[in-house]
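Visitor: I'd like a close look at one part of this protein, please. Could you pick a loop, walk me through it, and then show me how the rest fits around that spot?

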Amino acid sequence: CGVGVAGLLALLQLSCVRSLDLCGNAVSDLGLLAQGLKEGEGVALESVDLSVNAIETEAAILLLDKLASTQCWPNLKLLGLGGNQIKVCDHEDWESMLAALEEARPELEVKWMGTSIPDSS
């Protein structure tokens with residue numbers, strides 16, 4: 001139950017959204033999300049929390065690759081992926097994708113351990 005990929009893509013149509021907290025929803029198919037993202041969308045987005053959404057490693061890699069190779073969410077500073085099913089102990093692609101993303105978008109911090117982005121207020 002909760003907001004899924006279709007709901008997230010609909011929210012991205014709103015040009016004024018600066019922060020999305022979708023922790024604990026149903027946004028698990030990041031492959032579908034990555035396919036649905038369009039360059040120039042989510043221009044105002046600075047923070048997206050997708051923690052605790054049953055996201056698997058391969059799906060997270062697809063999203064990180066999209067963010068590294070396009071201008072989707074160009075002002076994003078923080079992406080929360082904690083509390084998902086990201087298993088990195090034997091997944092070389094994860095480390096290389098994080099390195100590629102850091103090189104392409106050094107201002108973007110990916111929080112993938114823990115369960116959510118700490119409240120900054």
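Guide: Let's start at Asn 75, which sits in the loop running between α3 and β3 (78-80). Keep in mind that this is a predicted model. Asn 75 is partly exposed, with a relative accessible area of 32%. Who does it touch? Setting aside the neighbours within four places in sequence, Asn 75 is in contact with Val 43, Leu 45, Glu 46 and Arg 105. Now look across to Pro 106: measuring from C-alpha to C-alpha, Asn 75 and Pro 106 are 11 Å apart in space, while their places lie 31 residues apart in the numbering as a separation in sequence.

Stay in that loop, because Trp 73 is found there too, between α3 and β3. Trp 73 counts as buried, at 0% relative accessibility, whereas Asn 75 is partly exposed. Trp 73 also has a backbone quirk: a positive phi of about 50°, even though it is not a glycine. You can find another such case at Ala 54, where phi is positive at about 60° and the residue is again not a glycine. Ala 54 belongs to the loop between β2 and α3, and it is partly exposed, with a relative accessible area of 41%.

Trp 73 leads us inside. The largest nonpolar core has 33 residues, and Trp 73 is among those that touch the most other members, along with Leu 30, Leu 33, Leu 50, Leu 79 and Leu 81. Helices α1 (5-11), α2 (30-36), α3 (57-69) and α4 (92-104) each supply at least two residues of this core. The largest share, six residues, comes from α3.

Now for the strands. Four of them form an open sheet in the order β1-β2-β3-β4, with parallel pairing. β1 (19-21) and β4 stand at the edges with a single partner strand each, so one side of each has no neighbour in the sheet. From one strand to the next, the twist averages 10°. Zoom in on one pairing: β1 and β2 (residues 47-49) run in the parallel sense and are joined over three bridges. Here Leu 20 stands opposite Val 48 in β2.

Next, look for rings. There is one aromatic pair. It is made by Trp 94 and Trp 112, whose ring centres are 5.6 Å apart and whose planes are at 75°, so the pair is edge-to-face. Trp 94 lies in helix α4 and Trp 112 in the segment after β4 (109-111), so the pair ties together parts that are 18 residues apart in sequence. Trp 94 is buried, at 0% relative accessibility, but Trp 112 is partly exposed, at 21%.

Last stop: the cysteines. Go back to the numbering just before Trp 73 and you'll meet Cys 72, which counts as buried at 1% relative accessibility. Its closest cysteine sulfur is the one in Cys 16, 18 Å away, and that is too far for a bond. Cys 16, for its part, is exposed, with a relative accessible area of 63%. A disulfide is a covalent bond between the sulfur atoms of two cysteines. This structure holds zero of them.

Definitions and conventions:
Residues are numbered from 1 along each chain as its sequence is written. This is a predicted model: local features need pLDDT of at least 70, side-chain atom pairs count only at pLDDT 80 or more; totals for chains, interfaces and linings use all residues. Side-chain values use heavy atoms; hydrogens and water are left out. A nonpolar core is a set of buried Ala, Val, Leu, Ile, Met, Phe, Trp, Tyr and Cys residues joined through side-chain atoms within 4.5 Å. Buried means under 20% relative accessible area, exposed over 50%, partly exposed in between (1.4 Å probe, protein chains only). Helices (H or I, at least four residues) and strands (E, at least two) are DSSP runs, numbered from the N terminus. Rings of Phe, Tyr and Trp (its six-membered ring) pair if their centres lie within 6.5 Å; planes under 30 degrees apart count as stacked, over 60 as edge-to-face and the rest as tilted. Two strands pair if DSSP finds at least two bridges between them. Axes are lines fitted to C-alpha atoms, for helices over the stretch in contact, and angles run from 0 to 180 degrees between N-to-C directions. A disulfide is a pair of cysteine sulfur atoms within 2.5 Å. Contact means heavy atoms within 4.5 Å.
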